[in-house]
Amino acid sequence: MKKETMKRFWMMSPFLATLGLFWIIPLILGLLISFTDWDYISPNFNWVGLYNYRDIVTDPDFTGALVNTVVFGVGTILPTIALGLGFAILFKNKFKGSRLYQMAIFSPWITPAVAVALVWSWIYEPDRGYGNFLLEFLGLEPIGWLHSSDTAMLGIIIFTVWKSVGWTMLFYIGALERVPVSAYEAATLDGCNAWQRFYHITLPLISPTTYFLMIINLIQTIQVYDQIQIMTQGGPGGSTTTLLYLYYEKAFQNFQMGSANAVAVVILVIILGLSVLSTRVSQRFVHYE
Amino acid sequence: MNQRQPKIVSALKHLLLMGFSFVFLFPFIWMFLGIFKTNNEIWQQPYKLLPENYPVREALEAAVNLGFENYILNSFIVGILGTLLMLVVVTLFTYALVFVRGRYSEALFYLVLGTYMLPSAVTYVPSYIILANMNLLDTLTGLILSNLPNVFAVFYLRQSFKKTSIEYIEAAKIDGASHRRILWHVVLPLNKSALYTVFVLTFVQQYNNYMWPSIMINSQEKYLISQGLRQFFIQDGAYGMNWSEVMLASTIAIVPVVIVFLLGQKWFITGITEDSGLK
């Protein structure tokens with residue numbers, strides 16, 4: 001028995017060692033740094049208690065970033081889930097060519113954000129870009145896209161949904177395939193139409209996947225950095241500065257390590273809070289077999 | 001439910017999906033064709049999808065002159081070596097978690113899964129300091145090492161390992177097989193598709209990785225492709241940009257990862273849609 005324990009320990013130790021070194025210790029250190037005024041350059045620092053937290057909550061940059069993060073999160077996650085499910089429904093029952101279409105929709109996910117953001121900056125060009133060309137074609141007013149603080153976030157959201165919806169779609173395709181055919185047959189016999197079958201059978205039976213994807217997308221969305229750094233650098237006028245981008249600016253441009261880590265802790269608390277909340281909600285709405 | 005769909009519905013579905021595929025692929029198509037366009041052609045209205053000429057030879061010469069080989073090589077080193085090493089570490093851990101169960105195995109798994117709920121970006125400052133203390137800042141080794149604790153891989157492999165029939169394992173144990181033999185000859189072959197899936201996923205993420213490498217790597221000869229590409233754009237400035245060169249550089253950055261994806265897609269897409277049974 002003891003021998004097995006030793007073996008288990010050896011097999012687990014490489015992973016646990018790196019997890020400790022690059023996850024658990026950094027988390028604790030980050031929390032500690034958030035109570036200091038450390039500037040990275042000097043070896044000395046002072047404990048300042050909750051000063052950084054009090055400082056950021058009264059800072060309009062922080063509250064702005066918080067609002068931007070919420071707008072970006074909701075604006076990205078809801079369309080991603082809805083479109084991902086919509087595409088997955090189109091792919092129900094494998095048919096000739098379905099794999100090719102799936103790859104087309106998934107392809108943005110695999111490509112580096114830096115590379116594709118450049119083409120998108122052409123699409124978003126206000127004077128001669130393709131986006132405004134389409135808007136005018138549809139009889140709408142052209143907009144400033146990334147050059148205007150009113151629409152820059154919209155531009156980042158569209159890009160992010162384009163890039164990540166394929167991932168969500170793949171998980172939904174799997175979930176839809178696992179819905180037992182018998183459930184649909186029974187419902188059809190009971191006289192349910194397609195919409196009723198979707199609402200009363202499909203949605204409840206795939207709800208564990210929806211819950212999983214909500215959480216995954218939440219974590220990924222809150223960490224979005226690449227496209228913001230490349231397309232807008234948080235601007236114009238801070239309109240695309242999310243909490244993570246603010247963290248990056250504070251830590252690696254201004255070297256306000258204490259303040260930066262206070263922002264990190266706030267991000268953590270938000271994610272934990274939302275995870276707990278969605279678990280609560282899921283207990284009411286998610287159906288496990 | 002298996003009745004054949006009427007032809008008209010099927011045709012409409014194909015039409016719709018072709019439209020969507022075009023929308024999703026359009027930026028890539030534009031990028032690729034942009035290689036052969038002059039700046040005037042790129043900005044002219046009404047748009048023309050196809051370029052006037054195809055100066056393939058010039059494009060190839062320009063591709064060689066970009067000097068991206070080094071960035072691509074670095075991205076491959078981190079993407080392939082880093083991912084293989086990660087798979088070794090994670091497979092050992094997950095094997096012990098699932099097949100060498102102890103009293104605390106379940107609790108340990110939830111603890112590890114809990115860290116997945118946390119955004120890794122918030123650990124960047126302390127991780128940076130830790131790497132600096134280990135003298136691993138600005139090294140690919142440091143980058144690979146800090147990417148090893150991949151909790152998603154644990155989560156994904158555990159789902160797959162748990163479906164491995166326990167009888168095989170028990171039979172092998174009765175035959176006196178060591179853990180190494182069971183892992184190598186029973187568990188790994190039976191979980192091939194999950195391992196491939198995790199490999200391709202992680203490779204893509206490592207290859208494209210931008211934020212963390214650009215924080216911890218400073219020397220240009222160690223840049224990954226995203227960083228190198230970014231540097232290239234900054235040099236030219238937004239206005240002096242030679243768009244055909246930009247399109248060429250972007251295409252070159254994308255091609256390797258697309259090839260790996262196409263090679264692995266058979267495993268990959270089926271892997272995600274079939275093994276990801278969430279309970």
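This report walks through how the two chains and the domains of chain B fit together in a predicted model.

Let's start with where the chains meet. Chain A puts 71 residues into the contact, and chain B puts in 65 residues. On chain A's side, helix H1 (residues 2–33) of chain A gives the largest share, with 19 residues. If you sort chain A's side by residue type, you get 51 nonpolar, 11 polar and nine charged.

Now look inside chain B. Its domain assignment gives domain 1 (7–64) and domain 2 (67–275), and their centres, taken over C-alpha atoms, are 32 Å apart. The two domains touch through 12 residues from domain 1 of chain B and eight residues from domain 2 of chain B. On the domain 1 side, helix H1 (7–34), helix H2 (39–43) and helix H3 (56–66) of chain B each bring at least two residues. That side splits into eight nonpolar, three polar and one charged.

Here are the two contacts, part by part:

| Contact | One part | Other part |
|---|---|---|
| Chain A with chain B | chain A: 71 residues | chain B: 65 residues |
| Domain 1 with domain 2 of chain B | domain 1: 12 residues | domain 2: eight residues |

Finally, the core. The largest nonpolar core has 134 residues, and Tyr247(A), Val263(A), Ile267(A) and Phe93(B) touch the most other members. Helix H7 (residues 152–177) of chain A supplies the largest share of this core, 15 residues. Both domain 1 (7–64) and domain 2 (67–275) of chain B give residues to this core, so it lies between them. Zoom in on Val263(A): leaving out residues up to four places away in sequence, Val263(A) touches Ile56(A), Phe62(A), Leu243(A), Leu246(A), Tyr247(A) and Lys250(A).

Technical notes: Residues are numbered from 1 along each chain as its sequence is written. Chains are lettered from A and ligands numbered from 1 in the order in which they are written. This is a predicted model: local features need pLDDT of at least 70, side-chain atom pairs count only at pLDDT 80 or more; totals for chains, interfaces and linings use all residues. Domain bounds come from an automatic or database domain assignment. Two residues are in contact if their C-beta atoms, placed from the backbone, lie within 7 Å. Helices (H or I, at least four residues) and strands (E, at least two) are DSSP runs, numbered from the N terminus. Ala, Val, Leu, Ile, Met, Phe, Trp, Tyr, Cys and Pro count as nonpolar, Asp, Glu, Lys and Arg as charged, and the others, Gly among them, as polar. A nonpolar core is a set of buried Ala, Val, Leu, Ile, Met, Phe, Trp, Tyr and Cys residues joined through C-beta atoms within 7 Å. A residue is buried if 20 or more other C-beta atoms lie within 10 Å of its own, exposed if 12 or fewer, and partly exposed in between; C-beta atoms are placed from the backbone.
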